[in-house]
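I opened my notebook to work through this one from the outside in. Here is what I looked up, in the order I looked.

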Amino acid sequence: MSEYLYVGKSIPRTIETDKVTGRAIYIDDLKRPGMLYGKILYSKYAHAKIKNIDKSKAEKLPGVRAILTGYDIPDVRVGFIKDQTVLKKDVVRQFRDEVAAVAAISPEIAEEALGLIKVEYEVLPTVFDPVEAMKEGAPLVHEVDARGRPLKSNILPLPWKFYAGDIETGRKASAYTVKDSVSTTWVNQCCMGPSGCVAEFDMNNNLTLYDQTNVIHLGKQRIMEYFAQIGLKGKKVRVVNAIVGGSFGTKLDTDIYEFICMQLALKTRKPVKILFSREEEFFALPPRQPAIFDIEQGCDKEGRLTFRKCEALLDNGAYTSWGATTPSVMMMPMSSLYRVPNVSFEATCVYTNNIYCQAMRGYGNPQANFAVETSMDTLAEEAGIDPAEFRLINRNQSGDETPQRLKITSCGLEECINSVKEKLDWDKKKKDKKKARGVGMASLIHVAGGARVYMSDGHGIMIKVDQNGCVDVFESGTDQGQGSPTVISQIVAEALGFKPEDISLTMGDTGLSLWDAGTHASRHTFMAGNAAIRCCEKVKKQILDMAVQYMPKLIKGGFKRKKRKDPDFVQPDLDYSLISNPEDMDIRDRMVFPKSDPDHPYFKMDVREIVRSGLHVGVGDSRVVVAEEFYDPPTEMLDREMKGNLSMTYAFGTTGVEVEVDEETGEVTILKLIAAHDVGKAINPTLLLGQVYGAVYTGVGYGLTEEIKVVNGRVMNPNFRDYKMLTAKDVIPITPVVVEPGDEAGPFGAKGIGEPGLVPTAPAIANAIYDAIGVRITDLPITPEKILTALNDKQ
Amino acid sequence: MKRSVLLTVNGERHEVLIEPNLTLLELLREGLNLKGAKEACGIGACGACTVLMDEKPVNACIVLALEAEGKEIETIEGLVKGNDLHPLQRSFIDHYSFQCGFCTPGTIMTAKAFLHRNPKPSRDEVKNGIAGNICRCTGYENIVDGILNAAKEI
Ligand code: FES
Ligand code: FES
C-alpha cells in the first residue's frame with residue numbers, strides 16, 4: 001500500500017479560510033487593551049553629527065505618553081557586527097537612522113509629536129559610491145568599531161574568500177576565456193503587509209512580542225541578549241506571530257523598530273504598536289543587497305569549464321544586517337553551479353552612507369547567479385557552442401561532490417535544461433532566428449534540505465491526539481503565506497494515518513514550540529516535514545499499543561451487544577493474534593487494521609473509537625497520546641575555507657524565456673517563460689506551483705522593472721507608484737515544469753522550493769535579450785532606456 | 001469640527017460622527033472595527049483596501065468617509081452569508097488564490113464587482129480586471145484561476 005492518500009495531492013487551503021473572510025489577524029489588526037502607538041523620527045541627513053535634541057515641545061502635546069532619544073535608553077549596540085545602537089545620539093550615518101521615538105494614544109498624535117522634536121545637526125562629509133568608499137582618504141562612515149577601536153577604512157572586517165583548485169592551472173587548460181563585469185541593484189521585498197509589532201511587558205518585566213519574524217527562536221535569542229545588557233537579564237520573552245503579510249527575507253533580522261517598540265513599552269508600561277507606512281517600508285527597511293561582479297571563466301575545446309574567478313563588491317550601506325553575509329550564499333553558485341574544477345571567489349563589503357541591506361528570497365544567489373549565468377552565455381558564444389548545449393556539457397549530476405564539498409544526492413538539472421529546450425523549441429528558434437526575438441536560459445542550484453548556518457539546523461515538533469481524535473501539531477516554524485499549514489497537515493495525515501481535516505496546527509509561538517532555526521533558506525517543508533514524519537511514528541506507536549489493548553475488548557463488547565439484541569447471533573471465531581502485536585498493525589485514513597489483512601471485516605476500526613476508549617479510563621490506566629521529535633540533519637557547517645555539505649540536498653532548475661524587443665521603444669515582451677524545477681517530490685502540486693509563479697514574477701521584476709532609486713543616500717521612489725512591481729496586466733506566460741526525481745532525505749522525497757523560481761529568471765531574460773538584439777545589458781534592471789542606449793552605442 | 005455621516009455597511013445602517021479628513025478605510029477599520037480591508041500603500045496604488053461603494057470598487061484609502069454619505073458599502077466581511085462562503089471565497093481556497101492573504105480581501109471585492117459587470121470573462125479580461133490589485137506572493141496565476149472558476153458558479 002505505497003500509494004499516498006494525501007501526499008502529492010492538491011488539498012485545498014481550507015485550513016486558512018480566515019484569509020478569505022477578512023478574519024485573519026495581521027499585526028495591522030491587532031489591538032491590545034490600553035495599547036499605545038509608536039512612531040520613529042529618522043535622520044534628516046545621510047551623515048551628520050547630532051548637536052542637540054529638544055523634545056520639550058513634543059512632550060507637552062496632549063496624548064503623548066513617552067518620547068525616547070539615545071540619551072534615554074542604554075547605549076547598547078545591536079546588529080550583525082554590533083555596529084549600531086537602537087537610537088542614535090552622536091552621529092547619524094544614513095537617512096534611515098532612528099533619532100527619536102514617540103508613544104502616544106493615537107498614531108496621528110505620535111506623528112504630530114515627531115514634527116515637534118527639534119534636532120540640530122552638523123553635516124559631515126558623505127560617501128555613496130562603494131568604489132570611492134574604499135579609497136584612502138574617503139570619509140569614514142564609522143570612526144570606531146564595536147569595541148571602540150579606531151577604524152582606518154570603510155572596508156568591513158568580513159573578508160569573504162573561497163578557493164578551490166588552482167586558477168592558473170585552469171587558465172592553462174582553457175581554449176577560451178571571457179571576462180565580464182555585471183551589477184545588480186537594490187530591490188525591495190515589497191511585502192504587501194507592512195512591518196510592525198506589538199510589545200507588551202507584564203508587571204515582572206516579562207515580554208510578549210507579537211511579531212512577524214520568521215525566526216521566532218533566534219529572534220527571541222537576540223532579544224534575550226539585548227535584555228541582558230539593559231538590566232532585564234533573565235526576564236522571560238515570548239515571541240508570537242500574528243498572521244504575516246509576506247516576508248521574503250525582511251523578517252530574518254530583528255529590526256531596530258522592534259527594539260524601539262520594546263523600549264517604548266518598557267517606558268510607558270503599556271502595550272505599544274509600531275506599524276510601518278509604505279514609505280518607511282521602502283526607506284527604513286533593509287532591501288536586497290546590491291553587488292558588482294568582475295567574473296572570468298574559461299573552458300577547454302570541448303566546452304568543459306576550466307575555471308571561474310570572480311570578485312564581488314558589495315555596497316553595505318551604513319550598518320550590517322544579513323546583507324553583509326550574502327557572499328556566503330554567493331559561494332554556492334560560484335563554486336557549484338555546473339561542474340567547474342578551479343574556483344576563486346572574493347567579496348568585499350564596504351560601508352557607505354546608503355541604506356543597509358538584508359535578506360531577500362534567494363539571499364545572495366540571484367545576484368551571483370546573474371553573474372555566473374550571463375558569463376556562461378558569453379563563454380558559450382566565445383567557444384562557438386550553443387548555450388543550452390554548453391550548459392548540458394557542464395551540468396551537475398547525481399553523485400557529484402562540488403568544489404564546495406556539497407554532496408549532490410539527486411539532480412534533475414539535465415531534465416530541466418532539456419525540458420526548457422523542448423518547450424521553447426530552442427533548436428528551431430536558434431536556427432531560424434527572427435529579428436528582435438530571442439531565447440535565453442539560466443539554471444540554478446540552491447539549498448533544498450536545510451542550510452546549516454547555525455550550530456543547530458534542527459526543527460522540533462510536538463504532536464498530540466486527544467480523545468476525540470483531534471490531532472494538534474505544535475511546530476516550531478512560521479507561516480508567512482507559503483502554505484505550510486496545508487503542507488504539514490498533509491504530511492501528518494499521511495504519516496499518522498489520519499485525515500487532513502483532523503489536524504490543527506500551531507506555528508509561530510516560542511511558548512508553544514521547540515527549537516527551529518527559522519523558516520528561511522527554503523527549509524521549512526523539508527525540516528518540519530522530516531520532523532513530523534518521525535514524530536508521527538512515535539505517536540502511531542502509542543495509538544497502536546492502545547489498539548492492541550482495546551481492540552479485542554471493543555470487538556468482543558460489540559459482539560455481546562449484538563447477542564443481547566439478537567439471541568441467534570453467533571460470535572465469529574476470530575484469530576485475535578492478528579491484532580495482538582502493534583508492529584503488525586497500521587493506521588491509514590483514520591482506520592486501524594492488521595497489516596496482514598487490511599480489509600479484515602472485524603479488525604478494521606476507526607482510530608477515534610480507540611482513543612475514545614483508551615485515553616480516559618480511570619486511575620492508573622488513563623494516558624495521553626503525545627510525542628515530540630527533534631530533527632537535526634547530519635549536515636556540516638561551512639569550515640574555515642567555506643566548504644562543507646551544509647544541506648541534505650540541493651534544488652536545481654532552469655528558466656528559459658523567449659522575448660521580443662521593440663527596438664524603437666526598448667520595451668521587452670516575454671513571449672514565453674518556462675520554469676523547470678527539480679523539486680524532489682511535490683507534496684501539494686498546486687501549492688508548489690504557487691511558489692514558482694510568485695518567485696518567477698518577482699524574478700521578472702528583478703530583471704526588468706524593479707529598482708529602489710537611491711540618490712545621495714535617499715530613497716527617491718518610496719511608493720508603489722514609482723517602484724514598479726509587476727501587476728496582473730504584465731502577463732507573463734509561465735509554463736512550469738515539475739521534475740520529480742525524489743530525494744532520499746526529503747520528506748516523501750521533497751526538496752525545498754521557496755526561493756529557486758526567482759534565482760535564474762533575470763539572467764535568463766538578459767540572455768534572451770542578447771540573443772534578440774545582440775546587445776548585452778549588464779546591470780539590473782534591464783530598462784527600456786538602457787536597451788535604447790545600448791542599441792545606440794552599437795550603431 | 002466633526003460631521004455626521006449616515007451609511008450602510010454590509011446591510012447595516014450606521015450613523016457616525018467623524019473628522020472630515022477621515023478616510024473611508026479608517027472609518028471601516030478603526031470606527032467600525034471591520035479589519036478585512038487592508039492598507040498596503042495608502043495612495044490608491046495597490047487595491048488592498050478595495051471595498052464596494054454602491055457596487056463599484058473603490059480604494060477606500062483615498063476615499064473620504066464623508067463621500068460614503070447615503071451609500072451602500074460592502075466589505076469582505078459582508079460576503080459570508082450565514083455559514084456559507086461566497087463562491088469567490090470558496091474558489092480562492094480551492095485554487096490557492098492566496099498565499100499571505102494580505103491582498104486577498106481587496107482582490108475578492110474587485111473580482112466580485114468585475115464578475116458582476118462581466119460574468120463570463122476570458123483569462124486576459126480577468127488579468128486586466130485585477131490589474132489594480134497588487135499581489136507579491138502568487139504571481140497572479142492562481143488568483144485568475146480562482147476568479148475564472150468562481151465565475152462558473154455565480
Ligand atoms: S492601500 Fe488603498 S490602494 Fe493601496
Ligand atoms: S497573497 Fe500575499 S500579497 Fe497576495
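**Entry 1, between the chains.** I began with the contact between the two chains of this predicted model: 44 residues of chain A meet 42 residues of chain B. I then asked which elements of chain A supply at least two residues each to that side, and found α1 (18-21) and α17 (685-704). Of these, α17(A) gives the most, with seven residues. I also sorted the chain A side by class and got 19 nonpolar, 17 polar and eight charged residues.

**Entry 2, α17 again.** Since α17(A) gives the most to that side, I followed this helix to another contact. Its axis and that of α18 (761-773) of chain A come within 7 Å, crossing at roughly 50°. Are the two helices parallel or oblique to each other? An angle between 35 and 65 degrees falls in the oblique class, so I noted α17(A) and α18(A) as oblique. Their crossing is right-handed. From α17(A) I listed A:Val696, A:Gly699, A:Val700, A:Tyr702, A:Gly703 and A:Leu704, which meet A:Thr761, A:Ala762, A:Ile765 and A:Ala766 of α18(A). By class, this contact has seven nonpolar and three polar residues, with no charged ones.

**Entry 3, a sheet in chain A.** Next I traced an open sheet of seven strands with mixed pairing, in the order β3-β7-β1-β14-β11-β12-β13 of chain A. Which strands stand at the edges? I found β3 (64-69) and β13 (237-241) of chain A there; each has a single partner strand, so one side of each has no neighbour in the sheet. Ignoring direction, neighbouring strands are turned by 20° against each other on average. I picked out one pair, β11 (196-201) and β14 (272-275) of chain A, which is antiparallel over four bridges. Within that pair, A:Cys197 has A:Ile274 as its bridge partner in β14(A).

**Entry 4, helices on the sheet.** I looked for what packs on these strands. Helix α3 (107-116) of chain A touches β1 (36-42), β3 and β7 (98-104) of chain A, and its direction makes about 25° with that of β1(A). Helix α7 (256-268) of chain A lies across β1, β3, β7, β11, β12 (207-211) and β14 of chain A, at about 30° to β11(A).

**Entry 5, inside chain B.** Last, I turned to chain B, which is divided into domain 1 (3-77) and domain 2 (87-153). Their C-alpha centres lie 21 Å apart. The contact between them takes 15 residues from domain 1 and 14 residues from domain 2. On the domain 1 side, β3 (50-53) and β4 (56-59) of chain B give two or more residues each, and β3(B) gives the most, with three. By class, I noted nine nonpolar, three polar and three charged residues on that side.

Methods. Residues numbered from 1 in each chain as written. Chains lettered and ligands numbered in written order. Predicted model: local features only at pLDDT ≥ 70, side-chain atom pairs only at ≥ 80, totals over all residues. Contact = placed C-beta atoms within 7 Å. Nonpolar A, V, L, I, M, F, W, Y, C, P; charged D, E, K, R; others polar. Domains from an automatic or database assignment. Axes fitted to C-alpha atoms, helices over the stretch in contact; angles between N-to-C directions. Parallel < 35°, antiparallel > 145°, perpendicular 65-115°, else oblique. Left-handed = near helix turned anticlockwise from the far one by under 90°. Pairing = 2+ DSSP bridges.
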